[in-house]
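Me: Could you walk me through the charged pairs and the greasy surface in this one?

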Amino acid sequence: MKKIALLLACSIAFADAGERYKDRMFDVSVERDVVYASGVKHLKKLNTISLGLLTYAIMNDGMPVYLYENETDLASVNLHMDIYKPKNDSVKKRPAVLVMHGGAFAAGSKNDYDQHSITYCD
């Protein structure tokens with residue numbers, strides 16, 4: 001009878017425990033705008049059609065389209081990422097998950113709430 005009571009007590013104690021990496025167990029700290037690549041060549045100047053489409057997309061809550069003036073006018077830019085880590089987690093060897101926003105390298109950003117990548121990382 002004592003063994004059954006102990007087993008029942010242990011079952012109740014662990015029933016409320018979350019499963020690591022599946023359930024939300026920790027608050028999250030975020031390190032924003034960490035540079036992960038420098039001097040990356042990026043198309044520099046949007047053409048006038050793209051500027052109009054961009055304005056229209058912003059005003060109508062739509063997806064912007066980026067068309068560039070030419071393929072040779074380049075600027076060097078830094079690429080940034082945000083790093084999300086669990087607070088107060090004692091485990092040091094954790095898996096890393098990379099979440100990249102969509103946009104086919106022509107649109108979108110890491111701060112785009114419509115793509116839910118920020119919600120997923122949090």
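Reply: Here is a short talk through the salt bridges and a nonpolar patch. This is a predicted model, in which local features need pLDDT of at least 70 and side-chain atom pairs count only at pLDDT 80 or more, while totals for chains, interfaces and linings use all residues. Residues are numbered from 1 along each chain as its sequence is written, and side-chain values use heavy atoms, with hydrogens and water left out.

Me: How many salt bridges are there in the whole structure?

Reply: The search finds 2 salt bridges, each being a side-chain nitrogen of Lys or Arg within 4 Å of a carboxyl oxygen of Asp or Glu.

Me: Which residue does aspartate 82 pair with?

Reply: Aspartate 82 meets arginine 32 at 3.4 Å, N to O. The pair links distant parts of the chain, 50 residues apart, with aspartate 82 in strand β2 (residues 74–86) and arginine 32 in strand β1 (residues 28–43); strands are DSSP runs (E, at least two residues) and helices likewise (H or I, at least four), numbered from the N terminus.

Me: And is aspartate 82 buried or exposed?

Reply: Aspartate 82 is buried, at 16% relative accessible area, where buried means under 20%, exposed over 50% and partly exposed in between (1.4 Å probe, protein chains only).

Me: What about the pair with arginine 94?

Reply: Arginine 94 joins aspartate 89 at 3.5 Å, N to O; arginine 94 is partly exposed at 31%, whereas aspartate 89 is buried at 10%.

Me: New topic: where is leucine 53?

Reply: Leucine 53 lies in helix α2 (residues 48–59) and is partly exposed, with a relative accessible area of 36%.
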